[in-house]
Amino acid sequence: MLVCEATDDLFYSTTEESDPRKLYRHLTAPKTLLSFTEEEGGDAHCHPGALRLAVARIFDWLDDTI
């Protein structure tokens, strides 16, 4: 299972554990958490400032997982 997180997502709280991290913590299957940061330009919801990076990291995960 792949869970992606934007570190400054406007839809999820940054003062406590984010929803993606809660989901990740509760998963019992093999899992990976990808965090996208402001430095990368991917800290907003759906990573609009770093779409190429997000897609590359997601496809890298697929290559490693499948």
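The following legends describe close-up views of a predicted model.

**Figure 1. Surroundings of Phe36 in strand E2.**
Phe36 belongs to strand E2, which spans residues 32-36. The residue is classed as buried because its relative accessibility is 0%. Apart from neighbours within four places in sequence, Phe36 contacts Cys4, Glu5, Ala6 and Thr7, together with Gly42, Asp43, His47, Leu53, Ala54 and Arg57. Thr7 lies 29 residues from Phe36 along the chain, yet the C-alpha atoms of the two residues are separated by 6.1 Å.

**Figure 2. Charged groups over aromatic rings.**
Two rings are shown, those of Phe36 and Tyr24. Arg57 is positioned over the face of Phe36, at a distance of 4.5 Å from the ring centre. At Tyr24, the charged end of Lys31 lies over the ring, 4.6 Å from its centre. Aromatic pairs, by contrast, number zero in the structure.

**Figure 3. Arg57 between Glu40 and Phe36.**
Besides lying over the face of Phe36, Arg57 takes part in a salt bridge with Glu40. The closest N and O atoms of Glu40 and Arg57 are 3.5 Å apart. This pair joins distant parts of the chain, with Glu40 in the loop between E2 and helix H2 (51-65) and Arg57 in helix H2, 17 residues apart. Both partners are partly exposed: Glu40 has a relative accessible area of 33%, and Arg57 has one of 23%. Arg57 also appears among the contacts of Phe36.

**Figure 4. Salt bridge between Glu5 and Arg21.**
In this view, the side chains of Glu5 and Arg21 form a salt bridge with an N to O distance of 2.9 Å. The pair links distant parts of the chain, since Glu5 is in strand E1 (residues 2-6) and Arg21 is in helix H1 (residues 19-26), 16 residues apart. With a relative accessible area of 5%, Glu5 is buried. Arg21, with a relative accessible area of 38%, is partly exposed. The salt bridge is one of four found in a search of the whole structure.

**Figure 5. Further contacts of Glu5 in strand E1.**
Glu5 is located in strand E1 and counts as buried because its relative accessibility is 5%. Its side chain makes a polar contact of 2.6 Å with the side chain of Ser35. When neighbours within four places in sequence are left aside, the residues in contact with Glu5 are Ser18, Pro20, Arg21, Leu33, Leu34, Ser35, Phe36 and His47. Arg21 in this set is the salt-bridge partner of Glu5, whereas Ser35 is the partner in the polar contact.

**Figure 6. Salt bridge within helix H1.**
Lys22 and Asp19 form a salt bridge in which the closest N and O atoms are 3.9 Å apart. The two residues are separated by about one helical turn because they are three residues apart in helix H1. Lys22 is partly exposed, at a relative accessible area of 29%. Asp19 is likewise partly exposed, at a relative accessible area of 39%.

**Figure 7. Cys4 and Cys46 without a disulfide.**
A disulfide is a covalent bond between the sulfur atoms of two cysteines. The search of the whole structure yields zero disulfides. For Cys4, the closest cysteine sulfur is that of Cys46, and the distance of 9.7 Å is too far for a bond. The cut-off applied to a disulfide is a sulfur separation within 2.5 Å. Seen from Cys46, the closest cysteine sulfur is in Cys4, so the same 9.7 Å rules out a bond. Cys4 counts as partly exposed, with 28% relative accessibility, whereas Cys46 counts as exposed, with 53%.

**Figure 8. Contacts of Cys4 in strand E1.**
Cys4 is situated in strand E1. Excluding neighbours within four places in sequence, its contacts are Pro20, Leu34, Phe36, His47 and Ile58. The C-alpha atoms of Cys4 and His45 are 9.9 Å apart in space, although the two residues are 41 residues apart in sequence. Phe36 and His47 also appear among the contacts of Glu5.

Key:
Residues are numbered from 1 along each chain as its sequence is written. This is a predicted model: local features need pLDDT of at least 70, side-chain atom pairs count only at pLDDT 80 or more; totals for chains, interfaces and linings use all residues. Side-chain values use heavy atoms; hydrogens and water are left out. Helices (H or I, at least four residues) and strands (E, at least two) are DSSP runs, numbered from the N terminus. Buried means under 20% relative accessible area, exposed over 50%, partly exposed in between (1.4 Å probe, protein chains only). Contact means heavy atoms within 4.5 Å. Rings of Phe, Tyr and Trp (its six-membered ring) pair if their centres lie within 6.5 Å; planes under 30 degrees apart count as stacked, over 60 as edge-to-face and the rest as tilted. A charge sits over a ring if NZ of Lys or CZ of Arg is within 6 Å of the ring centre and within 35 degrees of the ring normal. A polar contact is a pair of N or O atoms within 3.5 Å; within protein, one must be able to donate a hydrogen and the other to accept it, and residues adjacent in sequence count only if both atoms are side-chain atoms.
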